[in-house]
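Q: I'm new to this and have a model open on my screen. Could you show me how to read a few of its features?

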Amino acid sequence: MKRIFVIVAALSLLFSYSSDAQEHCGKCKKSGALNLTDEQYMALADSIHKVAISFDTHVDTPTYSLHPDGHYTVAKGQVSFELMRQGGQDGAFFAIYLDQGPWQNQKSLDSAYNWCVDELLSWKNYVEGSHSQEAGIAYSTDDVYRLKKEGKRIVVLCIENGYPVRTLEDLDEFAKIGVKYITLSHNTPNQICDGSRYINSYYWYPSTGHGLSPFGEEVVERMQQLGIMVDVSHISSESLVDVLKIVKAPVLASHSGCKALKPSQTRNLTDDEIRAIAAVDGVIQVGTGRFFLSDDLPYYKVGVAILANHIDHIKNLVGYRHVGLGTDFDGGGGVIGLDNSSQMKNLTVELLKRGWTAEELKAFWGGNLLRVWKACEDYASRFK
Ligand SMILES: [Zn+2]
């Protein structure tokens with residue numbers, strides 16, 4: 001009976017919350033604007049997750065699920081369709097990750113491409129074969145709404161590292177398979193652009209001009225024509241500037257943090273970079289890797305509040321329409337209180353306590369990402 005009362009109270013708060021919180025958030029943004037008990041906050045979070053479409057835009061789970069014997073050594077099992085269901089999480093972008101190899105070597109490129117296609121098809125088979133009752137692949141934003149209605153987990157295919165892209169025709173093939181974003185590089189430079197980690201090191205590849213290579217420019221252009229979103233996480237600052245100069249539709253940073261809060265992390269985004277991504281109506285999905293979040297705390301003490309500081313920083317800088325979550329689960333992500341997909345509502349509770357409204361949270365969890373995805377779809381439809 002008590003539980004029913006809490007849920008009814010939470011639902012009524014949900015529908016009156018937007019105006020209520022707006023009155024409060026100026027004064028009591030930081031601590032429990034609604035003065036609810038922990039149980040009531042969790043019931044409210046639960047209600048929001050039921051009506052929102054919630055996405056995590058970066059998990060490395062295919063590597064774990066397809067190679068449980070420990071491929072690439074990172075294998076924790078932080079994501080499953082059941083854990084997602086428990087956490088009120090509808091969908092995730094499941095990345096096929098590739099190590100960087102020598103891009104001047106055709107044999108290595110061919111083997112990276114073939115391996116990537118094999119992994120994508122195996123993961124598709126995993127979802128659409130033995131797991132089709134509980135999950136489905138979204139090839140379009142329409143599919144997202146359909147799968148949500150069916151109560152299935154939503155799987156989106158993506159590639160972390162553009163290393164397997166040998167030619168523009170390879171992009172056509174990836175689009176046909178259903179890939180919805182490609183992270184242009186992974187830390188080190190490749191044939192598309194420079195990565196973020198080795199700025200000022202001997203790894204710079206002179207012909208890229210430290211940003212996008214001429215081939216990289218063609219790749220970005222073709223990706224957008226095919227409706228494959230451009231993921232700017234992991235790329236160098238110079239590459240980001242080059243990308244934003246030529247894109248015709250919004251981009252996403254699938255898993256990135258804020259340099260203002262963790263300056264020592266070269267992969268985090270500066271305030272100027274965050275503004276520049278917002279200026280093309282893009283979205284920054286904050287990652288949960290502990291090494292990206294705090295210079296003040298030892299990594300084992302980093303929890304949900306520190307993660308929420310990065311989210312709030314972006315909201316304060318460019319508005320809630322440009323921020324979301326990309327955990328990097330099964331690839332190094334996870335903080336205290338948000339260490340697998342079943343714990344997503346803990347973050348919602350933290351943000352509610354900071355004065356986030358239901359509408360803002362719906363945008364954070366999926367509305368912003370779907371806006372970017374739809375804009376990319378609309379742009380690509382001109383080239384069909
Ligand atoms: Zn990554």
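Q: What does the side chain of Thr288 reach?
A: For a polar side chain, look for an N or O partner. This is a predicted model, and in it the Thr288 side chain reaches the backbone oxygen of Thr327 at 2.8 Å.

Q: Is Thr288 buried or exposed?
A: Check the relative accessible area: under 20% counts as buried. Thr288 has 0%, so it's buried. You'll find Thr288 in the loop between strand S8 (283-286) and helix H11 (304-318). Its contacts include Leu293, Phe329, Val335 and Leu338.

Q: Which residues coordinate the zinc ion?
A: With a metal, look for the donor atoms around it. Here they come from Glu160 (OE), His234 (NE2) and His255 (NE2), at 2.1 Å. Along the sequence, the spacing reads E-x73-H-x20-H. Glu160 sits in strand S4 (153-160) and His234 in the loop between strand S6 (229-231) and helix H9 (237-246), so the pair ties together parts 74 residues apart in sequence. Both Glu160 and His234 are buried.

Q: Which residues touch the most other members in the largest nonpolar core?
A: For a core, see who touches whom. Among the 81 residues of this one, Phe174, Leu184, Val243 and Leu347 touch the most other members. Helix H5 (residues 106-130) gives the largest share, eight residues. Domain 1 (1-21 + 33-51) and domain 2 (52-381) each supply at least three residues.

Q: What else lies apart from that core?
A: Another core, of 21 residues, including Val283, Leu370, Val372 and Tyr379.

Definitions and conventions. Residues are numbered from 1 along each chain as its sequence is written. This is a predicted model: local features need pLDDT of at least 70, side-chain atom pairs count only at pLDDT 80 or more; totals for chains, interfaces and linings use all residues. Side-chain values use heavy atoms; hydrogens and water are left out. Donors are N, O and S atoms within 2.8 Å of the metal (3.2 Å for Na, K and Ca); water is not among the atoms, so sites may look incomplete. Helices (H or I, at least four residues) and strands (E, at least two) are DSSP runs, numbered from the N terminus. Buried means under 20% relative accessible area, exposed over 50%, partly exposed in between (1.4 Å probe, protein chains only). A nonpolar core is a set of buried Ala, Val, Leu, Ile, Met, Phe, Trp, Tyr and Cys residues joined through side-chain atoms within 4.5 Å. Domain bounds come from an automatic or database domain assignment. A polar contact is a pair of N or O atoms within 3.5 Å; within protein, one must be able to donate a hydrogen and the other to accept it, and residues adjacent in sequence count only if both atoms are side-chain atoms. Contact means heavy atoms within 4.5 Å. Lists of a residue's contacts leave out its neighbours within four places in sequence.
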